[in-house]
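The following note comments on a protein structure for a reader who is new to the subject. Please keep the structure in view while working through the numbered points.

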Amino acid sequence: MYKYSCLNPIAQVGLDNFTTDYRQVDDVNDADAILVRSAGMHDMEFSDKLLAIARAGAGVNNIPIDKCAEQGIVAFNTPGANANAVKELVFAGMLLASRDIIGGIRWCEDNASDENIAKAAEKAKKQFAGTELAGKKLGVIGLGAIGVRVANAATNFGMEVYGYDPYISVKAAWNLSRAVKHIGNAEDIYRNCDFITIHVPLMDATRKMINRDAIHMMKRGVIILNFARDVLVDEEAVLNGLHSGKIRKYVTDFANPTTVGQEGVILTPHLGASTEEAEDNCAVMAVDEIRDYIENGNIKNSVNYPNCDLGECHTAGRIAVIHKNKKGVISAYTTPLGDADINIADMSNKSKGDYAYALLDLDSAVPDDVIKRIEENPNVIKVRVIK
Ligand code: MLT
């Protein structure tokens, strides 16, 4: 029996994919796997029992992924599962920033009791007028699952779209419309675009990437959209840009004390992924990832360990070895297995940064003393007998 714990509500359609071999528990210290959405995990201690954490979402800044890697806990995310939901809200943001739709709605509410509202509206409407998306230049920074969808959809709105991503994946590149101009540096986006939307993960290299210098390069009247993470943007610099008129609107999905109530800021409460469809997709993907890892040892969409997939096990035994990515560590498990006369029928050893993962299909089951010998190697973090 495996146990899992949910730190946030996770869509039932995903949890229904756990078989009767799984049971939900409240005590995270008793769990083999944790599912999480936005709960902060940086102050948590993890039990030796914990095998995996899956985030029902793309960003993983609420999970201490390095600490997890050190402890041999595989952290997963669900890339793409909520991308359409975020894309749709980005378009809502662009439209809300183009005309004062919010001001117009408020005006209608404020004048609800006016019998002559129809006539008054015709007079009032000019104060809410704005511009169109068609013909404007949109810069998309970060061409992952969300950025590609935003870029492609914007071409259908008649926008001239520029995409920037020095790390674009082959899959994303295949999905990108040929109408999107892929450019080699962010500065070209800053200098040329009327709308700039950011879709990169939060890392040291991307923290405050939209800063005073970047804003300085931008066109007067630029609209900036942030549906990724607030700290990607130096929001004090953005407020200065709004006050000076350099920035027309800042649309952000991250309510915080800096931006709340500020003139020119259109603020939503982290709604990007909050659709039934996205929540279902994320939950289904997260549960699939956890099950494949627990039951087969396969890793897909991990943010701290490499992908590794040997499918289902058809040999007598399968073990997984989580280890440091150092020279010669492979012998930590090949030698004890060889000494015990156990043949390796198939194996995959992959590395990601300082860590590596080996999955081995064996012609016989592995006795405890052999597992113990592998575990004794100081570069081995965790050994798991899967079959
Ligand atoms: C994400 O990183 O994909 C979103 O923050 C998901 C969410 O809203 O939970």
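1. Arg 373 has a relative accessibility of 39% and therefore counts as partly exposed. Its salt-bridge partner is Asp 339, and the closest N and O atoms of the two are 3.0 Å apart. Asp 339 belongs to helix α12 (residues 331-339) and Arg 373 to helix α13 (residues 368-375), so this salt bridge ties together parts of the chain that are 34 residues apart in sequence. Asp 339 is itself exposed, because its relative accessible area of 55% is over 50%. The reader should bear in mind from the outset that the model is predicted.

2. The overall dimensions may be stated next. The C-alpha trace spans about 90 × 45 × 35 Å along its principal axes. The protein has 387 residues, and 49% of them are buried. Its secondary structure comprises 13 helices and 16 strands. The accessible surface comes to about 18,900 Å², and carbon and sulfur atoms account for 48% of that area.

3. A further point concerns contacts along the chain. If one takes the contacts between residues at least 6 apart in sequence, 63% of them join residues at least 24 apart.

4. How many salt bridges does a search of the whole structure find? The search finds 10. One of them pairs Asp 361 with Arg 318, with the closest N and O atoms 2.6 Å apart. This pair links distant parts of the chain, since Asp 361 is in strand β15 (residues 355-362) and Arg 318 is in strand β13 (residues 317-324), 43 residues apart. Are these two residues buried or exposed? Asp 361 counts as buried because its relative accessibility is 6%, which is under the limit of 20%. Arg 318 is buried as well, with a relative accessible area of 0%.

5. Another salt bridge is found within a single helix. The side chains of Arg 191 and Glu 187 meet at 3.6 Å, N to O. Both residues lie in helix α8 (residues 186-192), and the 4 residues that separate them in sequence correspond to about one turn of the helix. Arg 191 has a relative accessible area of 45% and is therefore partly exposed. Glu 187 is likewise partly exposed, at 39%.

6. The charges of the protein also deserve comment. There are 42 positive and 52 negative charges, and the mean positions of the two sets are 8 Å apart. A negative surface patch is formed by Glu 88, Glu 276, Glu 277 and Asp 280. Which helix gives the most to the negative patch? It is α11, with 3 residues. Glu 88 lies in helix α3 (residues 83-98). With a relative accessible area of 48%, Glu 88 is partly exposed; patches are made of residues with over 30%, so this value is sufficient for membership on that count.

7. The surface also carries a nonpolar patch. Leu 95, Ile 101, Ile 105 and Phe 157 make up this patch, which covers about 320 Å². Ile 101 is found in helix α4 (residues 101-110). Its relative accessibility is 34%, so Ile 101 counts as partly exposed.

8. Two residues should be checked for their backbone angles. The phi angle of His 270 is near 50°, a positive value in a residue other than glycine. His 270 is placed in the loop between β12 (265-267) and α11 (276-296). At 35% relative accessibility, His 270 counts as partly exposed.

9. The second such residue is Asp 341, which has a positive phi of about 65° although it is not a glycine. Where is Asp 341 placed? It lies in the loop between α12 and β14 (344-352). Asp 341 counts as exposed because its relative accessibility of 71% is over 50%.

How values were computed:
Residues are numbered from 1 along each chain as its sequence is written. This is a predicted model: local features need pLDDT of at least 70, side-chain atom pairs count only at pLDDT 80 or more; totals for chains, interfaces and linings use all residues. Side-chain values use heavy atoms; hydrogens and water are left out. Patches are made of residues with over 30% relative accessible area and no salt bridge: like charges are joined within 9 Å, nonpolar side chains (Val, Leu, Ile, Met, Phe, Trp, Tyr) within 5 Å. Accessible areas come from the Shrake-Rupley method with a 1.4 Å probe; for residues, only the protein chains shown count as cover. A salt bridge is a side-chain nitrogen of Lys or Arg within 4 Å of a carboxyl oxygen of Asp or Glu. Helices (H or I, at least four residues) and strands (E, at least two) are DSSP runs, numbered from the N terminus. Buried means under 20% relative accessible area, exposed over 50%, partly exposed in between (1.4 Å probe, protein chains only). Contact means heavy atoms within 4.5 Å. Lys and Arg count as positive and Asp and Glu as negative; His and the chain ends are not counted. The place of a charge is taken as NZ of Lys, CZ of Arg, CG of Asp or CD of Glu.
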